[in-house]
Amino acid sequence: MTDNKTLDVPTLYIVPTPIGNLGDITQRALDVLSSVDVIAAEDTRHTGRLLSHFNIQTKTFALHDHNEQHKAQALVDKLLSGLSIALVSDAGTPLISDPGYHLVTQCRQAGVKVTPLPGACAVITALSASGLPSDRFSFEGFFPAKSKGRKDKLMEIAQVERTCIFYESPHRITDSLQDMLEILGPEREVVLARELTKTFETIQGMPLGELIEWVEADTNRKRGEMVLLVHGQREKKAEALPEEALRTLGILTKELPLKRAAAATAEIYNLKKNALYKWGLENLD
Ligand code: SAM
């Protein structure tokens with residue numbers, strides 16, 4: 001579809017929908033949603049409200065995490081028979097922490113054209129206003145739900161120099177920020193972007209220690225949909241040792257000579273033992 005009037009058939013259209021502000025739907029998204037034969041929606045009732053707001057009558061079909069693998073082939077068959085389908089999720093861009101991966105993969109394997117529409121996406125919206133470096137970034141999906149998983153993830157990203165971005169749930173924000181403090185330390189710049197495009201949109205960035213105090217000062221700051229953005233490690237790798245590894249080194253040196261404590265810590269955290277040894281010489285008694 002190049003002139004917004006004629007649909008290419010068969011095609012699967014990937015159609016982003018607003019992440020809060022309905023004014024963020026694009027004209028092209030409205031044209032595609034009005035013109036396709038069927039809309040595959042994560043939640044047909046949720047999408048139904050969006051469609052009725054824009055007076056779109058296209059029928060919908062449920063495609064969510066629990067049935068996608070099973071239903072994708074049926075949708076590919078419909079496409080191959082000559083139908084056009086739009087894929088939407090509840091909000092934002094399908095496939096970005098949302099269903100659609102299996103359908104898109106199977107369409108491409110079957111030679112069905114997949115046409116993506118640009119549009120709302122919380123990760124990009126948050127990054128664009130965060131003030132953090134945007135030349136290199138990685139989207140890490142939802143922050144792990146359990147503390148062990150979070151700490152493992154944080155150890156993995158502790159020394160990377162790019163901006164790392166997570167989706168987060170309001171129920172876990174306090175625990176997650178505490179885990180971040182433990183692994184990344186209080187100086188790491190972190191941005192909390194919540195309720196983007198909505199009435200109570202808030203984008204607050206500060207060193208982690210201060211951000212935790214700011215969040216705890218008002219329960220409203222823990223509410224709503226949120227994105228966490230972590231500034232990449234600023235210093236060179238050798239100097240940038242994770243806080244938790246340094247704590248472990250401190251504990252081990254009470255029982256072992258520094259050289260052996262540094263070697264053991266290096267093995268546990270997959271770090272360079274010389275860097276730990278050097279840090280120990282400079283910082284431990
Ligand atoms: N596909 C969506 C996208 O393109 O951003 C993301 C879907 S994911 C299931 C939902 C998560 O995205 C939320 O828990 C939150 O972390 C983030 N999110 C979605 N809308 C948001 C908003 N308006 N403000 C901040 N974060 C948002």
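How many helices and strands does the chain have? In this predicted model, the chain has 11 helices and 10 strands. The C-alpha trace spans about 75 × 40 × 30 Å along its principal axes. Of the 285 residues of the chain, 46% count as buried. When contacts between residues at least 6 apart in sequence are considered, 70% of them join residues at least 24 apart.

Helix H2, formed by residues 44–53, illustrates how buried and exposed residues are arranged around a helix axis. Thr-47, Leu-50 and Leu-51 of this helix are buried. These three residues cover an arc of only 100 degrees around the axis, and therefore they lie on the same side of H2. The face turned away from that buried side carries Arg-45, Arg-49, Ser-52 and His-53, which are exposed. The partners of the buried residues of H2 include both helix and strand elements: the packing is against helix H1 (27–35), strand S2 (38–41), strand S3 (59–62) and strand S4 (85–88).

The two ends of H2 show further local features. At the start of the helix, a side-chain oxygen of Asp-43 reaches to within 3.0 Å of the backbone nitrogen of Arg-45. Arg-45 is also one of the exposed residues on the face of H2 turned away from its buried side. Just after the helix, Asn-55 takes a positive phi of about 60 degrees.

A second region of interest involves helix H7 (residues 173–184) and helix H9 (residues 243–252), whose axes come within 5 Å and cross at roughly 60 degrees. Because of this crossing angle, H7 is oblique to H9. The residues that meet are Glu-182, Ile-183 and Leu-184 in H7 and Glu-243, Glu-244 and Arg-247 in H9. By class, this contact has 2 nonpolar, no polar and 4 charged residues.

Within H9, the buried residues are Glu-244, Ala-245, Leu-246, Thr-248, Leu-249 and Gly-250. Glu-244 is thus listed among the buried residues of H9 and is also one of the residues in H9 that meet H7. The buried residues of H9 pack against helix H6 (147–157), H7, helix H10 (258–269) and helix H11 (273–283). The packing partners given for H9 are helices, whereas those of H2 include strands S2, S3 and S4 along with helix H1.

Methods. Residues numbered from 1 in each chain as written. Predicted model: local features only at pLDDT ≥ 70, side-chain atom pairs only at ≥ 80, totals over all residues. Heavy atoms only, no water. Buried < 20%, exposed > 50% of the residue type's maximum accessible area, 1.4 Å probe, protein only. Helix = DSSP H or I, 4+ residues; strand = E, 2+ residues; numbered from the N terminus. Arc of directions from axis to C-beta. Contact = heavy atoms within 4.5 Å. Polar contact = N/O pair within 3.5 Å; in protein donor to acceptor, adjacent residues only side chain to side chain. Axes fitted to C-alpha atoms, helices over the stretch in contact; angles between N-to-C directions. Parallel < 35°, antiparallel > 145°, perpendicular 65-115°, else oblique. Nonpolar A, V, L, I, M, F, W, Y, C, P; charged D, E, K, R; others polar.
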